[in-house]
Amino acid sequence: MDSLPIISLQKLAIEDAREIEQLDRACDRYGFFYLSDSSIATELIEETIIVPSLLKGIALALGLEATEFDRYKEAQSNPSYNF
């Protein structure tokens, strides 16, 4: 099995033709890729992507429907939201 490609954000920013081709192949072949050279803080990635995904997986494992989890998430971020 092939590993996911690593795409450099810095090379994309300077419009490196080889990197753009690699990005195109990665999207076409895998639909995913690793992004390097980004200035996004690890903590922000964990807060916005990893933790919500884990919580959703736990909710589904406990038998909650995805819509129930989404309503809970909305209630947490918006105190005026009612079930």
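There is just one salt bridge to find in this chain, going by the distance rule used here. Its partners are Glu21 and Arg25, whose side chains meet at 3.9 Å, N to O. Keep in mind that you're looking at a predicted model. Let's start with that pair and then work through the rest of the chain.

**The salt bridge**
- Where do Glu21 and Arg25 sit? Both belong to helix α2, which covers residues 17-29.
- The two are four residues apart in that helix, so about one helical turn separates them.
- A salt bridge here needs a side-chain nitrogen of Lys or Arg within 4 Å of a carboxyl oxygen of Asp or Glu, and the Glu21 and Arg25 pair comes in at 3.9 Å.

**The overall layout**
- The chain has four helices and two strands.
- Walk along from the N terminus and you'll meet them in the order β-α-α-β-α-α.
- Of the contacts between residues at least 6 apart in sequence, 43% link residues at least 24 apart.

**Inside and outside**
- The chain has 83 residues, and 10% of them are buried.
- Its accessible surface adds up to about 7,000 Å², with 56% of that belonging to carbon and sulfur atoms.
- Which residues make up the nonpolar patch on the surface? They are Leu4, Ile6, Phe32 and Tyr34, and together they have about 430 Å² of accessible area.
- Tyr34, one of those patch residues, is part of strand β2, which spans residues 34-36.

**Ser8, a buried residue**
- Look for Ser8 in strand β1, residues 6-8.
- Is Ser8 buried or exposed? Its relative accessible area is 6%, and anything under 20% counts as buried, so Ser8 is buried.
- Setting aside neighbours within four places in sequence, Ser8 touches Glu19, Ser36 and Asp37.

**Glu15, an unusual backbone angle**
- Glu15 is in the loop that runs between α1 (9-13) and α2.
- What is the phi of Glu15? It's positive, at about 60°, even though this residue isn't a glycine.
- That's worth a second look because most residues other than glycine have a negative phi.
- Glu15 is also exposed, having a relative accessible area of 64%, whereas Ser8 is buried at 6%.

Note on methods:
Residues numbered from 1 in each chain as written. Predicted model: local features only at pLDDT ≥ 70, side-chain atom pairs only at ≥ 80, totals over all residues. Heavy atoms only, no water. Buried < 20%, exposed > 50% of the residue type's maximum accessible area, 1.4 Å probe, protein only. Contact = heavy atoms within 4.5 Å. Areas by Shrake-Rupley, 256 points an atom, 1.4 Å probe, with all protein chains shown as cover. Patch = residues over 30% accessible without salt bridge, like charges linked within 9 Å, V, L, I, M, F, W, Y side chains within 5 Å.
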